[in-house]
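Here are some worked exercises to run through with the model open in your viewer. Try each task yourself, then check the steps under it.

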Amino acid sequence: MTFQDARAQFPVLERLAYLQAGSVGPLARGTLDAMVAEEERGLREGRGSLARFERVIAEREELRGELAALVGVDASQVSITASTTDGCNIVLAGLGLGPGDEVVTTTDEHFGLLGPLHVSGAKVVVVEPDPELIVAAVTPRTRLLALSHVLWTTGQLLPVHELKETTALPILVDGAQSVGTIPVDATGLDFYTVSGQKWLCGPEGTGALVVAEPEALAVGRPSYLSQQRHEPDGAFEPKPGAARFDPNLTPHALVAGLRAALRAQPEWRFERAAAAAERCRELLRDAGADVVVPEERATLVSWRVPVEESAAVVARLAEAGVIVRDLPGRGLVRASVGWWTSDEDLERLVAGL
Ligand SMILES: Cc1ncc(COP(=O)(O)O)c(C=O)c1O
């Protein structure tokens, strides 16, 4: 697939310099077509026949395998969720933490992780996203490290495998800003979340959770179709593997859409996204922007502006057809640079500034 062919899949790119995959990725024509085709089929054939149910289950399992392959794990270790937030909630509900326990996280986490941590009952210990400080915050009471692979604020990459090795603690990795834009190997990590709607350009309401040892995590939020058997009093026997954590039966149009989105990804995506992000940083720096350049970084590009101006900068860029976001209260504006981003998009960003 050439760059032009790959880019042409996304109609939005004909009009806008769309730099917002960190929130919601651009939608490919083929992804929408797959979703519409599935809904049309339901319209014509009905949605409750045994034949449809069997097809839905079979295709869902194929998706599970495809998501597993994305991050280098076995399909039995993947739960199909609706979001990263869903995945974080499943893990925290299953760990059964309490007031005597501590969880170490960073100052730069998203509410999608922080919210579930906060209601877990454990003491949440927050430190700067510096590997040495994270390790230094560990005490005999620490039960979990919970942090992002790529920080949504600055694009900084955290050495999650190294942190796991150094501390030997269970680790929950928020993969919302990593999967689809940098190579990810989730092996060796206890829990790893995936958002489908961001860098994978899938439908909204899709995601996954990797659980390295599914049988070792309690089912804290049981759902009907994820159990092998259940009794009249509600007692249940979970399905084998991480399918036991599936929080719902994903609307099948979304399954079809996410599978189409995965097929639309070119092989060269990671190299191209990394190069485009470096180019973005260079152009912004040359234009005088105060760009944040973490030593280890992915493809989110942030630059500093006065706190009270960040929303205005985003609005001004939107008027120029450039879609980015501000990070409220942090004085940062963020461009999400993907494998589909062209030099023209980046030049438009700089001109719009
Ligand atoms: C680091 C991070 N974690 C979690 C989320 C929430 O993702 P989801 O909507 O898939 O729950 C986001 C989305 O903005 C994010 O950037």
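**Exercise 1. Find what Thr206 touches beyond its sequence neighbours within four places, then place the residue.**

Step 1. Contact here means heavy atoms within 4.5 Å. With neighbours within four places set aside, Thr206 is in contact with Thr81, Ala82, Ser83, Ser195, Gly196, Gln197, Leu254 and Leu258.

Step 2. A bit of housekeeping: this is a predicted model, where local features need pLDDT of at least 70 and side-chain atom pairs count only at pLDDT 80 or more, while totals for chains, interfaces and linings use all residues. Residues are numbered from 1 along each chain as its sequence is written, and side-chain values use heavy atoms, with hydrogens and water left out.

Step 3. Thr206 sits in the loop between strand S7 (191-195) and S8. Helices (H or I, at least four residues) and strands (E, at least two) are DSSP runs, numbered from the N terminus.

Step 4. Thr206 has 2% relative accessibility, so it counts as buried. The cut-offs are under 20% relative accessible area for buried, over 50% for exposed, and partly exposed in between (1.4 Å probe, protein chains only).

Step 5. Now follow the side chain: that of Thr206 reaches the backbone oxygen of Pro203 at 2.7 Å.

**Exercise 2. Work out which residues are closest to the ligand, and how much of the ligand the protein buries.**

Step 1. Count a residue if one of its heavy atoms lies within 4 Å of the ligand. That gives 13 surrounding residues, and the closest are Thr85, Asp174, Gln177, Ser195 and Lys198.

Step 2. Look for side-chain N or O atoms by the ligand's oxygens. Ser195 has one at 2.7 Å from a ligand oxygen. His110 has one at 3.2 Å, and for Gln197 the value is 3.2 Å.

Step 3. Do the area: the ligand taken alone exposes 400 Å², and the protein buries 89% of that. Accessible areas come from the Shrake-Rupley method with a 1.4 Å probe; for residues, only the protein chains shown count as cover.

**Exercise 3. Which members of the largest nonpolar core touch the most other members?**

Step 1. Set up the search: a nonpolar core is a set of buried Ala, Val, Leu, Ile, Met, Phe, Trp, Tyr and Cys residues joined through side-chain atoms within 4.5 Å.

Step 2. The largest one has 48 residues, and Leu67, Ile171, Tyr192 and Trp340 touch the most other members.

Step 3. Zoom in on one of them. Outside its neighbours within four places, Ile171 is in contact with Leu144, Leu145, Leu147, Val160, Leu163, Lys164, Leu189, Asp190 and Phe191.

Step 4. Apart from this core lies another, of 22 residues, including Leu19, Cys280, Val291 and Leu317.

**Exercise 4. Say where the partners of three salt bridges lie, and whether each partner is buried or exposed.**

Step 1. The criterion is a side-chain nitrogen of Lys or Arg within 4 Å of a carboxyl oxygen of Asp or Glu. The whole structure holds 21 such bridges.

Step 2. Arg221 and Asp86 meet at 3.6 Å, N to O. The two are 135 residues apart: Arg221 is in the loop between strand S8 (207-211) and strand S9 (227-230), Asp86 in helix H4 (residues 84-95). Arg221 is partly exposed at 35%, while Asp86 is buried at 13%.

Step 3. Arg244 and Glu215 meet at 3.4 Å, N to O. Arg244 lies in the loop between strand S10 (236-238) and helix H8 (252-263) and Glu215 in the loop between S8 and S9, so this bridge ties together parts 29 residues apart in sequence. Arg244 is buried at 10%, whereas Glu215 is exposed at 54%.

Step 4. Glu278 and Arg281 have their closest N and O atoms 2.5 Å apart. Both lie in helix H9 (residues 269-286), 3 residues apart, about one turn of the helix. Glu278 is partly exposed at 32%, and Arg281 is buried at 1%.

**Exercise 5. Compare the settings of Ala168 and Cys201, each with phi near 60 degrees.**

Step 1. Most residues other than glycine have a negative phi.

Step 2. Ala168 is in the loop between helix H7 (160-167) and strand S6 (171-174), and it is exposed at 60%.

Step 3. Cys201 is in the loop between S7 and S8, and it is buried at 3%.

Methods:
A residue is near a molecule or strand if one of its heavy atoms lies within 4 Å of it. A polar contact is a pair of N or O atoms within 3.5 Å; within protein, one must be able to donate a hydrogen and the other to accept it, and residues adjacent in sequence count only if both atoms are side-chain atoms.
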